[in-house]
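Please follow this walk through a protein model with the coordinates open beside the text. The route goes from the hydrophobic interior to aromatic pairs, strands and a few individual residues.

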Amino acid sequence: MQAASYGFHMLTEPQIGDFIRKACRYGVARPHEIHRALVTLGPRCFITTNYDNLLEESLRSWQPDRHVRTVNNRHLTELAEVTHARASDFIFKPHGDAADAASIVLTREQYRQLLPGGERSAALESLKTLLVSRPIVYVGFGLRDPDFIYLRDLLSNTYRGGIRDHFAIMADVVEAERDYWRANYGIHLHGYTTTRRQDGSYDHSELLRVLKELSSATKTTQLTSPHGEYAPHSSNTILALARHAAGLMRAPQIDPEFPLRVNLDRGGRGRGDFLPSPDSFDHSSVLHFLTEVPSNAILIGAPGAGKSYSIRRAAALMAESLHQECLLEVFDHTNVAIPLVADLKLYRGDLHDLVSQTLPRGLSLEDLSSDFDLRIFLDSFNEMPRQYWDSGEYESDVSGFIAKFPGAIVIVGSRTRDGLSKIASPVYQITEIDQKFVEAELSRRGIAIEGRFEWEIKRFLQTPFYFRLVVGGDIKLPPGARPNDCYEVYFESIGSALFERFGVSFDMKGALARAAFDAIEQGEEAQPLANLLTTLTTELNSVGASGVTGSDIANWLVSRDVLVPYRGARVALFHQSATEYLAACELARMYQLDPGILKKRLHLRRWDHALLLAVVLLPSDLSAAFVNALVEADFGLALRATKYIEFGRDEVVTRLLSIMPSRISQREHLNFEIESALQFHVAVSEVHEPQLRGIMAMRGSIGGAAVHRLVELVGASMKHELLQSMMEFRHDFNYCVNGIGSALASFAAADDIHAILALTDAHEQEFPPNADDEVWHGFISGSAKVLSELDTNIVKEVFFENYEAGPLPEIRGRIFSRFLMEQRSTKALTAAADLLIRGGHDVATTIYFIAQFSDSNLLNWSGISEEHITILVSSLANPADKSWNVQALCLMCHSCAN
């Protein structure tokens, strides 16, 4: 290898190509009878470390009806065509092809390109995937052959466990060697005998006889059993499942993994009864949820929240269990679940076919579903091609698929619940990284986030994908960063690296932007590779670049993880939000040339995020006109866009706030986007107080959002006014809790406890005895929310003042119980236990929430006695009841040592 390094260093690339072709007798050597035996043996997929084209010539001669694809280590955009479970009719050349001198791997430096971090590492990863997910027959190697030792080491490091259907046909094998290779590498050696000729060489003609015998046996087997016979315990099934598991196990694990959780999505705001029946997966870890939830479910989350990563990690964990079961001497098919992962970006109207394509040949969904538990993950639902989304035909297809396999658990991953209404399954929201963790980590690394978009950037960084990009140094945010800056900096760095690699300066970002624009326009994230190559080639030609092709650039972008290849000759950008950013760049460029281009995009929901990003990319004189156009099409989106206006923002915001009351619908669930935009995105100032007060007077969720912005402007001076308003509109849950309560929580002080209790005492006689939870629920829950950041003992002391024993007054007791429900500490648990003894209202629910959502290692249950257990038991009307009382009782019994 070192000699090759010295020699290649002295040659040009054309000279290297000539040398390799002469050494291989390329174009001169002709296929041997052994080649004929190989290509007619039965396999339709080939991996070779040879540089010659004898396999290609053999297939053309003896299998002329097959169209066989040749892929080498430079064809990174085509790797998905050979690695998916049912790919066939290909020749993969990881060490290169004599016809492509730049692909040759022979020197130490060239081998280094295949290693992790190297430009062609994807080729090596594809080789590993093929080795672990396919039956393999090795032909033409010796036990001490460097290439075979190389493959052996790959197997040793990649394929954990000894079961696999790998076979090697080798010369002069002895029994001890058979035992060693089977025990240590799972490779079954099939030997043949050579004879030594007079000139000292060895006669391998016996290999031809072995291959012909195998070919004859293969044809006989195919004739008598053309499809094979499925049985859950058969060796063929177990081996196929082991290969399937091994492929899924290769999903990379990121270090560190963030402890993401899921919360049951209870349908959004606007519901007063926010405590329906308990759910055992609410607030559980996302991996526990994905691997254990016992019925169909939907997982939603923002871009970069970790949905796809979590789905693949969950499938990998399940695959490890499946693989371990396959290794056991006795395979128990009742003891395993089979995970399957399908990417809906590749959906073409037939979900059954898409999922089936993830299984090795010989396995079918119908057979597996009759004997095994299946857990089917359908990822990227929101990235499904729009022709199926817009027509709605996917609905009957997905419903029919679920109905056909009623025993399978189907979990759908999507950005939102849009389009999933007909899939009758609970929806869980993946949580973000804890804000305090993000802020602490940024501070530790000396990264300051400030400016008008501080809220957006910090929310941006609460998603694992973006957080890793920033803390890992891939994105270096400038001071006062805007959302667009995150990707602007990233693509600038990619452009610099591309120039360093190829020495060519061209508008790579513009080419990708046009491809991204087409992706959103057509509603199809994975675009034809040919389209991108045409765009890249056009850009290269425009700058007179020579010696570099569109394919070179595309393959390099794959090596840098900017592009992801998919089967069907398609590619997509590494993340949907990157597509949206680049599409926004192209939209802003086109809008400056023709503002009329905006009209069509205003009515397509898939353009929403790109439209927002486009505002800041426009010159100041055009951004206001752009927002005005948004107002007529999507008022909520226009509100969010105001933050991106650089000049004349106050006037635009005043206008929008003034017309907001007329835009609010009586159907509150349609107004969530407007409420969210008002509370989190509109850039307000003191000049907007009159308009905000007018919106506050509407009460409900929208009035609560206005309260937040008013408190943000004037601070604690509104406390007295808002507490009085909370009592006046005590039945309005959203206004009192999501508005006043959460807005005042950070300003609360001990004096506010007395102020709230003074209001309760003044109106105690108006409260009906034994009232349902919905009565006064706005004031009760809102008061608890106001006090939520105060110390538990301080709140308890004031509430229990003058009530040393016995029950608290009704409203006081309910507020204190609801306050404790949001606390996560032993102090809160002890106070709830005291309240339970005093006969407090619905304290069991409070105890359940404290225990369920606290760190169990930090809770001390010593304050729970037999008396508490007895009270809960006596409150049960039905032993089979699944109410909060039962759940609280279970947690008590499980946690109490006595």
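The paragraphs below describe a predicted model, beginning with its nonpolar interior.

The largest nonpolar core holds 258 residues, and the members that touch the most others within it are Leu 512, Phe 626 and Met 660. Helix α25, which spans residues 576-593, gives the most to this core, with nine residues. Taking Leu 512 as a point of entry, and leaving aside residues up to four places away in sequence, one finds that it touches Phe 491, Leu 532, Leu 557, Val 562, Leu 563, Leu 573 and Leu 582. A second core, separate from the one just described, consists of nine residues, among them Ala 37, Tyr 192, Leu 208 and Val 210.

One of the contacts of Leu 512, namely Leu 557, leads to helix α24, which runs over residues 550-559. Because nine of the 10 residues of α24 are buried, this helix is largely enclosed by the rest of the structure. The buried residues are not restricted to nonpolar side chains, since they include Asp 552, Asn 555 and Ser 559 beside Ile 553, Trp 556, Leu 557 and Val 558. Against what do these buried residues of α24 pack? Their partners are the helices α21 (483-502), α22 (508-522) and α23 (529-542), together with strand β16 (563-566). Just after α24, the backbone at Asp 561 takes a positive phi of about 65°.

Helix α25 also contains Ser 577, a residue that counts as buried because its relative accessibility is 5%. Apart from residues up to four places away in sequence, Ser 577 touches Pro 303, Tyr 466 and Tyr 487. With Tyr 487 there is also a polar contact, in which the two side chains are joined at 2.8 Å. For a sense of scale, the C-alpha atoms of Ser 577 and Leu 891, which lie 314 residues apart along the chain, are separated by 42 Å. Tyr 487 in turn belongs to an aromatic cluster that it forms with Tyr 490, Phe 491, Phe 574 and Tyr 581, and Phe 491 has already appeared as a contact of Leu 512.

The structure holds 28 aromatic pairs in total, and two of them serve here as examples. A pair of aromatic rings is described by the distance of the centres and the angle of the planes. In the pair of Phe 437 and Phe 467, the ring centres are 5.9 Å apart and the planes stand at 45°, so the arrangement is tilted. This pair links distant parts of the chain, given that Phe 437 sits in helix α18 (residues 435-444) and Phe 467 in helix α20 (residues 464-471), 30 residues apart. Are the two rings buried or exposed? Phe 437 counts as partly exposed because its relative accessibility is 38%, whereas Phe 467 is buried, with a relative accessible area of 3%.

The pair of Phe 816 and Phe 819 has ring centres 6.1 Å apart and planes at 20°, so it is stacked. Both residues belong to helix α39 (residues 810-821), where being three residues apart means that they are separated by about one helical turn. Phe 816 is buried at a relative accessible area of 0%, and for Phe 819 the value is likewise 0%, so that residue is buried too.

Aromatic rings also meet charged side chains in this model. Arg 386 lies over the face of Trp 389, at 4.6 Å from the ring centre, while Arg 468 lies over the face of Tyr 309, at 6.0 Å from the ring centre.

The last stop is strand β14 (residues 427-430), which pairs in the antiparallel sense with strand β9 (residues 262-264) over three bridges. Strand β14 also pairs with strand β10 (residues 297-300), in this case in the parallel sense and again over three bridges. Which residue of β14 is the bridge partner of Leu 264? It is Tyr 428, and Tyr 428 is also the bridge partner of Leu 299. The backbone nitrogen of Leu 264 is reached by the side chain of Asp 282 at 2.9 Å. Asp 282 itself has its place in the loop between β9 and α12 (286-292), and it counts as buried because its relative accessibility is 9%.

Notes: Residues numbered from 1 in each chain as written. Predicted model: local features only at pLDDT ≥ 70, side-chain atom pairs only at ≥ 80, totals over all residues. Heavy atoms only, no water. Core = buried A, V, L, I, M, F, W, Y, C linked by side-chain atoms within 4.5 Å. Buried < 20%, exposed > 50% of the residue type's maximum accessible area, 1.4 Å probe, protein only. Helix = DSSP H or I, 4+ residues; strand = E, 2+ residues; numbered from the N terminus. Contact = heavy atoms within 4.5 Å. Phe/Tyr/Trp six-rings, centres within 6.5 Å; stacked < 30°, edge-to-face > 60°. Lys NZ or Arg CZ within 6 Å of the ring centre and 35° of its normal. Pairing = 2+ DSSP bridges. Polar contact = N/O pair within 3.5 Å; in protein donor to acceptor, adjacent residues only side chain to side chain.
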